[in-house]
Amino acid sequence: VPEVNNPPLAGDIEIELDNRQDRVLNINDFLNHFSDIDNDDLAAVIIEGNVQRYLLNNLPYIEGTQIPRSLIESGLLIFKAPDTSDYSEDATIWKAVDTAGSISN
């Protein structure tokens with residue numbers, strides 16, 4: 001019987017910005033909301049939705065692109081703060097990719 005890899009689970013993340021300052025996302029932002037019943041580790045993340053405020057390696061992030069864990073650990077994933085003091089809530093979701101290649105729903 002072939003072994004089946006179960007997809008990981010990715011919980012909601014809330015990003016708060018201090019006084020319109022950009023925020024470098026770190027791996028714990030994701031690991032604190034990640035679980036995997038197979039005990040696979042987090043290998044990459046995917047961000048979908050309104051991604052216009054995300055930069056990856058100082059370039060605009062392209063929705064649905066896998067972001068390897070190593071780039072996040074290197075501080076290369078940035079959420080850009082809005083230019084105004086208005087309250088805004090950008091809707092994005094993230095998906096987890098485990099080391100076995102399964103992607104969360």
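**Exercise 1. The whole chain**

What share of the contacts in the protein with a separation of 6 or more comes from residues 24 or more positions apart?

*Solution.* Start with the source. This is a predicted model: local features need pLDDT of at least 70, side-chain atom pairs count only at pLDDT 80 or more, and totals for chains, interfaces and linings use all residues. Residues are numbered from 1 along each chain as its sequence is written, and side-chain values use heavy atoms, without hydrogens and water.

Step 1. Contact means heavy atoms within 4.5 Å. The share is 66%.

Step 2. Next, list the elements. Helices (H or I, at least four residues) and strands (E, at least two) are DSSP runs, numbered from the N terminus. The protein has two helices and nine strands. Their order from the N terminus is β-β-α-β-β-β-β-β-α-β-β.

Step 3. Add burial. Buried means under 20% relative accessible area, exposed over 50%, and partly exposed in between, with a 1.4 Å probe and protein chains only. Of the 105 residues, 31% count as buried.

**Exercise 2. The open sheet**

Find the strand order of the four-stranded open sheet, and explain its edges.

*Solution.* Step 1. Two strands pair if DSSP finds at least two bridges between them. The order is β2-β8-β5-β6, with antiparallel pairing.

Step 2. β2 (23–24) and β6 (59–60) are the edges. Each has a single partner strand, so one side of each lacks a neighbour in the sheet.

Step 3. Look at one pair. β2 and β8 (residues 77–79) run antiparallel and are joined by two bridges. V24 has I78 of β8 as its bridge partner.

**Exercise 3. The nonpolar core**

Identify the residues that touch the most other members of the largest nonpolar core.

*Solution.* Step 1. A nonpolar core is a set of buried Ala, Val, Leu, Ile, Met, Phe, Trp, Tyr and Cys residues joined through side-chain atoms within 4.5 Å. The largest has 20 residues, and F30, L42, Y54, Y61, I67 and L77 touch the most other members.

Step 2. α1 (27–31), β4, β5 (54–56), β8 and β9 (92–98) each supply at least two residues. β4 gives the most, with five.

Step 3. Zoom in on L77. Beyond four places in sequence, its contacts include F30, Y54 and I67.

**Exercise 4. Charged pairs**

How many salt bridges are there, and which parts does the pair K80 and D22 tie together?

*Solution.* Step 1. A salt bridge is a side-chain nitrogen of Lys or Arg within 4 Å of a carboxyl oxygen of Asp or Glu. The count is five.

Step 2. In the pair K80 and D22, the closest N and O atoms are 2.8 Å apart. K80 lies in the loop between β8 and β9, and D22 in the loop between β1 (9–10) and β2, so the pair ties together parts 58 residues apart in sequence.

Step 3. R69 pairs with D41, the closest N and O atoms being 3.0 Å apart. R69 is in helix α2 (residues 69–73), while D41 is in the loop between β3 and β4. D41, R69 and E73 form a network of salt bridges.

**Exercise 5. A buried charge**

Describe the surroundings of D36.

*Solution.* Step 1. D36 sits in the loop between β3 (34–35) and β4 (42–49).

Step 2. D36 is buried but has no salt bridge. The nearest side chain of opposite charge, R69, is 11 Å away.

Step 3. The side chain of D36 has a polar atom 2.8 Å from the backbone nitrogen of D38. It also reaches the backbone nitrogen of D40 at 3.3 Å.

Step 4. Beyond four places in sequence, D36 touches N6, P7, P8 and D98.

Key:
Lys and Arg count as positive and Asp and Glu as negative; His and the chain ends are not counted. A polar contact is a pair of N or O atoms within 3.5 Å; within protein, one must be able to donate a hydrogen and the other to accept it, and residues adjacent in sequence count only if both atoms are side-chain atoms.
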